[in-house]
Amino acid sequence: MTSDSWPNLVPPTPAIPDFPPFSRILPSRAVVLASTPAAPPASNAAKGAGFIRFFDEMQGQGGEVRAPYREFCDWFDGEDPARIHRKAQQAEAFFRTIGITFNVYGADGGDERLIPFDVVPRIIAAGEWRRLARGIEQRVRALNAFLHDIYHRQEILRAGRVPTDLVARNDAFLPMMMGMDPPGGVYTHISGIDIVRTGADEFYVLEDNARTPSGVSYMLENRETMLQMFPELFARVAVREVGDYPINLLKSLSACAPPACKGTPTVAVLTPGIHNSAYFEHSFLADQMGAELVEGHDLRVVAGRIAMRTTQGYRPIDVLYRRVDDDYLDPLNFRPDSLLGVPGIWDVYRAGGITIANAPGTGIADDKALYSYMPDIIEFYTGEKALLPNVPTWRCSDPDHLREVLDRLPELVVKEVHGSGGYGMLVGPAASKKEIAAFRAKLEANPGNYIAQPTLSLSTVPIFTKAGLAPRHVDLRPFVLMSPQGLTITPGGLTRVAMTRGSLVVNSSQGGGTKDTWVLED
Amino acid sequence: MLGKTAGSLFWMARYLERSENTARLIDAGFHIALTRSATAPAEWKSVLETAGVANAYIAANADFTSAHVVDFLLRDPANPSSILSIVKQARDNARTARTYLTREVWEAVNTGWMTLVALLKRPVREDDLPDVLATIRRQNGQVRGALTGTMLRGDGFHFAQLGTFLERADNTARILDVKYYLLLPSVAHIGSSIDNVQWETILRSVSAHRAYRWLYGAEISALKIAEFLILYAQMPRSLAFCCERMAEHLGQIQHIYAEETEAGRMAAALCRERLAGPIQSIFDGGLHEYLRGFLTANAALARQVERDYRFVE
């Protein structure tokens, strides 16, 4: 869970009060969250844009518990906070024992940390989810169609809807994929669409993850933990199941078997190894699918197939769910110094000897430089308007856009086109004058390397703290599986939550936590 | 099963067994240091030799005080065979093989490691040492219990068991070899009693001093101790016991794969040729030579297992 972007930030907001100690969240006593004005960003105040208001998913704008949360709140009000606190501590011990940790790069000796887990679920109503799911499905189909087009006839470039340079000169574009037909025509077997909410009916897609989105193991373990801690809660509230994800993943991957596959497809998960930050997830998914967890040095080309070294000799693999980047896949064809990949896998792939999921070259679809074209891309391939809006984005490569961005720098979020994990970005409202000046220089020197977006007021969901419930900002990553048989979207996804007050940083590498995500049954 | 995974299970078990053996060696050494301070440095030296780290220790330390030796064996980063680093290796191997471990086994390994890290944050005080050593043994007991209680009797289980007994045989042979001069007939005539405390140390380091007494009563002789630790097949740390188990688990693996291997033949030969006895003939040929020969054959078996089952390319 490291290679993700930050959601856009708003400034630290000391004006948002935490709930007083264990104030019950009965409607009558609820603390009014969202109407509490936050400190306005300096520049916004100047423009008279008014205060930033946060939408709280439990309390809405008004302080009355929103419908999806009512049953949960009734239950919560009847509970002894001390008991919930105890349960939360047990959950943490449980996570540690089973090793649901991530490694922190650069930390001494591969430090393993826990991702904080919060016991208050994030709840999405059935209707809200239907709407989201339609938008997500449309988007993933468009991404896949775009990839097919870009690596074949490039109609979208001919039509002038996306600038040719943006693709041709993009490092994420893989010329070797030109004319190549991945088995089943599927590029994005697994994708994660990052969504933020800013109001009752306002959702935005913040980012698409079409390479190797991570976090699904946390989604599954979070649910498992909640079921163990509060079984009675699930008897009261009808929550849609997420636990069939691994079996759906296995089915979906199996349905994309290559031409060379005979009989039941053999699926394997390719991991960089135990020191990778997401190793827990790799082993978890392999285990849950009943698939082998392989590393590059377990594999080699044998008789035109990719085969794994077993105790009884080499055995062919049909579908490789790889959790290593394109660059490391094949030292013969990509990075020669890579020890993570398999020499010659590219040639086997081209000859139909193996399915690689996701397909190589999908990075072009989730590149930040192309993000702003997504509404056009969706319309081009589906003939429909995008159901889920993009966050408005200025492309700094465009002189007009650049001028506006430079004018409004203190109020914007500026991201590196190829950056990830929240590094190399400017959060205008949270930055000092000096930082803004320094960033301005970088931006002017190389404008094509940046995009800018307005600062979003992300919704909040309360977390459970020693002092009571306290609102914290969240985002959502739903996971989507694609095979020739169709799309499967797991209800909900992974909710990431900024654990510190006022912060909008939800990245696990920066101290963010997670919540169980509930989609209610109709 | 991947060859790498089989190797990880094998080494996970070897490292855990080794950590427990080292804990036992420390326990025995500590016992002598308490009861006979005059012979303590020599005793600690032989403990370090048995653990195979005497040279590394001497390079970094000037004396053989209990505190230094114990710290070196438990947690010194300069010692790649310290209990802390061995258990870390065991856990890394368990993580690599995680998909083949039951949740119970993984949790036992992981909890053991976390407990150890907390216990060994700083040097262990002398009065805490017995507790720490007991904890290490207990944690290993939990892993063993989880392994035998929850693992499918598939190839993975047998590779882990193979690792345990191969390591244990190696350890018992080393203990005897380091102390063989005490057992030599030329030093202590056959039948005559050897140094009481010394023999007890040997038995203590394999947790068998009580069992020996049950079996042989008060009669303490070099011949009997050697027989007990080498040939007595009911003693779970004897060479005979370990070799029988190795042959058994390799037999199971060959059965599962329906394929005979050189490793399987070697294990059977080890039992047949080196553990037939009687003990007198072993002494006649020279105990040291015998033990050296055994250690070499045992190591060759380990290499053959690695080759036959493709642990590495």
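Which residue of β18(A) is the bridge partner of A:T465? In this predicted model, the answer is A:G468. That pair belongs to a hairpin: β17(A) and β18(A) are joined with just 2 residues between them. Strand β17 of chain A covers residues 460-465, and its pairing with β18(A) is antiparallel, running over 6 bridges.

β18(A) has another partner as well. Strand β21 of chain A, residues 494-497, is linked to β18(A) by 4 bridges, and here too the two run antiparallel. One handy pair to look up in the structure is A:L476, whose bridge partner in β21(A) is A:T495. As for its surroundings, β18(A) spans residues 468-477, and 9 of its 10 residues are buried, so the strand is largely enclosed by the rest of the structure.

Now for a helix. Helix α14 of chain A takes in residues 374-382, and its buried residues include A:M374, A:I377 and A:I378. Why do these sit on the same side of α14(A)? They cover an arc of only 100° around the axis, which puts them together on that side. The spacing fits the usual helix rule: with 3.6 residues a turn, residues three or four places apart in an α-helix point the same way.

What do the buried residues of α14(A) pack against? Their neighbours are three helices of chain A: α4 (126-150), α5 (155-158) and α13 (368-371). Straight after α14(A) comes A:G383, which has a positive phi, near 70°.

Definitions and conventions. Residues numbered from 1 in each chain as written. Chains lettered and ligands numbered in written order. Predicted model: local features only at pLDDT ≥ 70, side-chain atom pairs only at ≥ 80, totals over all residues. Buried ≥ 20, exposed ≤ 12 C-beta atoms within 10 Å, placed from the backbone. Arc of directions from axis to C-beta. Contact = placed C-beta atoms within 7 Å. Pairing = 2+ DSSP bridges.
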